[in-house]
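User: I'd like to learn how to read a small protein model. Could you take me through it one feature at a time?

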Amino acid sequence: MPITDPEKKRIAQAARLVMRICFNCGCRNDINATRCRKCRNPYLRIKNRNLGVKK
Ligand SMILES: [Zn+2]
């Protein structure tokens, strides 16, 4: 079921895809985070993909 409202789709994609993932425990962190919120590990990978963006 496609999302027809482009504004809602943008918000949903930002919430799902723009985040940082901890290498150690795999939990999600804020995009601006420099350390993991759970284990304080500074090694975070960015999860910022553009899936489903079609024009
Ligand atoms: Zn962690």
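Analyst: We'll go from the overall layout to the helix, the sheet and then two loop residues. Keep in mind that this is a predicted model, where local features need pLDDT of at least 70, side-chain atom pairs count only at pLDDT 80 or more, and totals for chains, interfaces and linings use all residues. Residues are numbered from 1 along each chain as its sequence is written.

User: Which pattern does the protein follow along the sequence?

Analyst: Helices (H or I, at least four residues) and strands (E, at least two) are DSSP runs, numbered from the N terminus. Here there are one helix and three strands, and they follow the pattern α-β-β-β.

User: How do I read the helix H1, and how many of its residues are buried?

Analyst: An α-helix has 3.6 residues a turn, so residues three or four places apart point the same way. The expected span is 1.5 Å times one less than the number of residues. H1 covers residues 6–17, and its 12 residues reach 16 Å from first C-alpha to last, close to the 16 Å expected. For burial, count other C-beta atoms (placed from the backbone) within 10 Å of a residue's own: 20 or more is buried, 12 or fewer is exposed, and in between is partly exposed. By that count H1 has zero buried residues, and across the 55 residues of the protein the figure is 7%.

User: What is the strand order in the sheet?

Analyst: Strands of a sheet pair through backbone hydrogen bonds, either parallel or antiparallel. Two strands count as paired if DSSP finds at least two bridges between them. This open sheet runs S2-S1-S3, with antiparallel pairing. S2 (28–29) and S3 (44–47) are at the edges with a single partner strand each, so one side of each has no neighbour in the sheet. S1 (residues 19–22) pairs with S2 over two bridges, and Arg20 has Asn29 of S2 as its bridge partner.

User: Now the loop between S2 and S3: is Cys36 buried or exposed?

Analyst: Cys36 sits in that loop and is buried, with 21 other C-beta atoms within 10 Å. Contact means that two C-beta atoms, placed from the backbone, lie within 7 Å. Leaving out residues up to four places away in sequence, Cys36 touches several residues, including Cys22, Cys25, Cys27 and Leu44.

User: And which residues does Asn41 touch?

Analyst: Asn41 is in the loop between S2 and S3 too, but is partly exposed, with 15 other C-beta atoms within 10 Å. Beyond four places in sequence, Asn41 touches Cys22, Phe23, Asn24, Arg35 and Cys36. The C-alpha atoms of Asn41 and Cys22 are 7.1 Å apart, although 19 residues separate them along the chain.
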